[in-house]
Amino acid sequence: MSTRLNYYRASPAAMKAMMAIEEATKGLSIPLALRELVKMRVSQINGCAYCLNMHAPDARAAGVSQQKLDVLAAWRESPAFDARERAALAWADALTRLEASGAPDSDYAAVVEVFSETEVVDLTLVINVINAWNRFAVGFRSQHPVAQDHAA
């Protein structure tokens with residue numbers, strides 16, 4: 001697989017807009033660790049290796065445990081996640097798989113039970129932004145660097 005095009009070079013104005021909205025998410029009410037956890041989950045669903053590679057170290061640095069990252073793909077079956085994380089992950093799954101889920105009332109009810117209205121909107125923006133990034137990276141076949149890992 002090879003990169004299709006460098007979208008930063010092809011449209012600096014579009015990427016400036018994407019970077020501005022990404023920066024805006026940093027000032028919202030959702031804590032960094034939860035933002036990174038959601039970014040990891042959405043990137044798993046979308047099959048975005050580039051974003052997974054980028055956000056895994058960021059998630060660990062933000063305080064997301066390695067155990068949570070290890071079981072994230074099966075988060076519904078894991079006791080590692082608290083009520084807010086579970087609600088956020090369910091909402092992220094529902095909005096990322098919108099064509100299949102239709103954003104069900106049960107997922108909405110779960111998220112509004114543990115997040116304020118402002119937080120629900122902020123979380124929804126975080127989910128939408130990482131979905132957009134995934135679509136750039138997957139659509140244009142962005143390649144992450146390969147680590148020279150000598151550990152077994």
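Two residues are in contact here when their heavy atoms lie within 4.5 Å. With that in mind, welcome to a short tour of this predicted model.

**View 1. Helix α3 and the helices packed around it.** Helix α3 covers residues 32-46. Eleven of its 15 residues are buried, which leaves this helix mostly covered. The buried set consists of L34, R35, E36, L37, V38, K39, M40, R41, V42, S43 and I45. Among the elements that cover them are α2 (12-25), α4 (49-61), α5 (66-71), α6 (83-96) and α9 (117-139). If you look just past the end of α3, you will find G47, whose phi is positive at about 65 degrees.

**View 2. The length of α3, end to end.** How far apart are the end C-alpha atoms of helix α3? They are 21 Å apart, and this agrees with the span expected because 15 residues at 1.5 Å a residue should reach 21 Å. The expected span uses one less than the number of residues, so it is the steps between residues that are counted.

**View 3. The largest nonpolar core.** This core has 35 residues, and V38, F115, L123 and I127 are the ones that touch the most other members. Helices α2, α3, α4, α6 and α9 each bring at least two residues to it. The top contributor is α9, which gives eight. For a closer look, start from I127: leaving out residues up to four places away in sequence, I127 touches V38, V42, A88, W91, A92, L95 and T96. V38 and V42 also appear among the buried residues of α3.

**View 4. I21 on helix α2.** Is I21, a residue of α2, buried or partly exposed? Its relative accessibility is 33%, so I21 counts as partly exposed, because that class runs between 20% and 50%. Setting aside neighbours within four places in sequence, I21 makes contact with L125 and V129. For a sense of scale, A56 is 35 residues away from I21 in sequence, and their C-alpha atoms are 21 Å apart in space.

**View 5. The largest pocket.** The largest pocket holds about 310 Å³ of space. Its lining is made of 19 residues, with M19, E22, M54, H55 and W133 lying nearest the centre. The elements that supply two or more lining residues are α1 (7-10), α2, α3, α4 and α9. Which helix gives the most to this lining? That is α4, with five residues. By type, the lining divides into ten nonpolar, two polar and seven charged residues.

**View 6. H55, a pocket-lining residue of α4.** H55 sits in helix α4 and is one of the lining residues nearest the centre of the largest pocket. Its relative accessibility is 7%, so H55 counts as buried. Beyond its neighbours within four places in sequence, H55 is in contact with E36, K39, M40 and I130. Of these partners, E36, K39 and M40 are listed among the buried residues of α3.

**View 7. A137 and its distant partners.** Our last stop is A137, in helix α9. With a relative accessibility of 3%, A137 counts as buried. Residues touching A137, not counting those up to four places away in sequence, are Y7, C48, Y50, C51 and S142. Y7 and A137 are 130 residues apart along the chain, with 9.0 Å between their C-alpha atoms.

Definitions and conventions:
Residues are numbered from 1 along each chain as its sequence is written. This is a predicted model: local features need pLDDT of at least 70, side-chain atom pairs count only at pLDDT 80 or more; totals for chains, interfaces and linings use all residues. Side-chain values use heavy atoms; hydrogens and water are left out. Helices (H or I, at least four residues) and strands (E, at least two) are DSSP runs, numbered from the N terminus. Buried means under 20% relative accessible area, exposed over 50%, partly exposed in between (1.4 Å probe, protein chains only). A nonpolar core is a set of buried Ala, Val, Leu, Ile, Met, Phe, Trp, Tyr and Cys residues joined through side-chain atoms within 4.5 Å. On a 1 Å grid over the protein atoms alone, a cavity is a set of points where a 1.4 Å probe fits but cannot get out, and a pocket is an open set with protein on both sides within 12 Å along at least five of seven lines; lining residues have an atom within 4 Å of a point. Grid points are joined across faces, edges and corners, and a volume is the space filled by probe spheres set on the points. Ala, Val, Leu, Ile, Met, Phe, Trp, Tyr, Cys and Pro count as nonpolar, Asp, Glu, Lys and Arg as charged, and the others, Gly among them, as polar.
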